[in-house]
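User: Could you take me through one part of this model in close detail, the paired strands and what surrounds them? I'd be glad of the cut-offs along the way.

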Amino acid sequence: MRVCLLILAIAVLLPAAAAQPCEGEILLSSQADVEAFDCTEVCGTLRILSSAASDPIRNLRPLEGLTTVHGGLILRGADALSDLAGLDSLATVGAFLVVGNNQALTNLDALSSLTTLDADL
């Protein structure tokens with residue numbers, strides 16, 4: 001009986017601990033910001049602008065649960081970033097997509113799941 005109650009309690013609590021939609025504009029400017037990101041969708045614009053010289057954005061793998069950005073997605077100045085691995089689940093960008101000034105970026109393969117872009121590239 002106690003085991004059943006424990007399993008039930010875990011099953012009820014796990015969804016509450018899962019990533020949630022995030023409201024508003026979100027700025028990720030360091031690898032620590034990327035590591036702390038825990039959203040499945042962004043109801044606004046997601047700006048990934050590596051500006052922390054002491055903690056540059058090196059990878060986007062913590063963003064692997066992100067499926068939708070209702071606003072725009074901007075990825076600029078992440079010179080230590082060689083690929084977009086972590087954005088593999090991103091299927092929808094609702095406004096615009098800007099990728100530029102990322103000197104080490106060699107491919108956009110991780111965006112292959114992007115099926116909906118509702119505005120400009």
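Analyst: R47 stands opposite I74 in β6, in a predicted model where local features need pLDDT of at least 70, side-chain atom pairs count only at pLDDT 80 or more, and totals for chains, interfaces and linings use all residues. Residues are numbered from 1 along each chain as its sequence is written, and side-chain values use heavy atoms, with hydrogens and water left out.

The strands here are DSSP runs of E, at least two residues long, numbered from the N terminus. β4 pairs with β6 in the parallel sense, over four bridges; two strands count as paired if DSSP finds at least two bridges between them. β6 also pairs with β8, again parallel and over four bridges. In that second pairing, L73 stands opposite L97 in β8.

Let's stay with R47 for a moment. Its side chain forms a salt bridge with E25, with 3.5 Å between the closest N and O atoms; the term asks for a side-chain nitrogen of Lys or Arg within 4 Å of a carboxyl oxygen of Asp or Glu. This contact links distant parts of the chain: R47 lies in strand β4 (residues 46-49), while E25 sits in the loop between β1 (20-23) and β2 (26-28), 22 residues apart. R47 counts as partly exposed because its relative accessibility is 29%, and E25 counts as exposed because its value is 55%. The classes are buried under 20% relative accessible area, exposed over 50% and partly exposed in between, with a 1.4 Å probe and protein chains only.

The structure holds two salt bridges. R58 and D55 meet in one of them, at 3.3 Å from N to O, and R58 is partly exposed at 45%.

Now back to L73 and L97, which both help line the largest cavity, together with L75, L84, L87, V99 and L111. β6 (73-76) and β8 (97-100) are the elements that give two or more residues to this lining. By class, the lining has seven nonpolar, no polar and no charged residues; Ala, Val, Leu, Ile, Met, Phe, Trp, Tyr, Cys and Pro count as nonpolar, Asp, Glu, Lys and Arg as charged, and the others, Gly among them, as polar.

The volume of this cavity is about 30 Å³. A cavity is a set of points on a 1 Å grid over the protein atoms alone where a 1.4 Å probe fits but cannot get out, and lining residues have an atom within 4 Å of a point. Grid points are joined across faces, edges and corners, and the volume is the space filled by probe spheres set on the points.

Conventions:
On a 1 Å grid over the protein atoms alone, a cavity is a set of points where a 1.4 Å probe fits but cannot get out, and a pocket is an open set with protein on both sides within 12 Å along at least five of seven lines; lining residues have an atom within 4 Å of a point.
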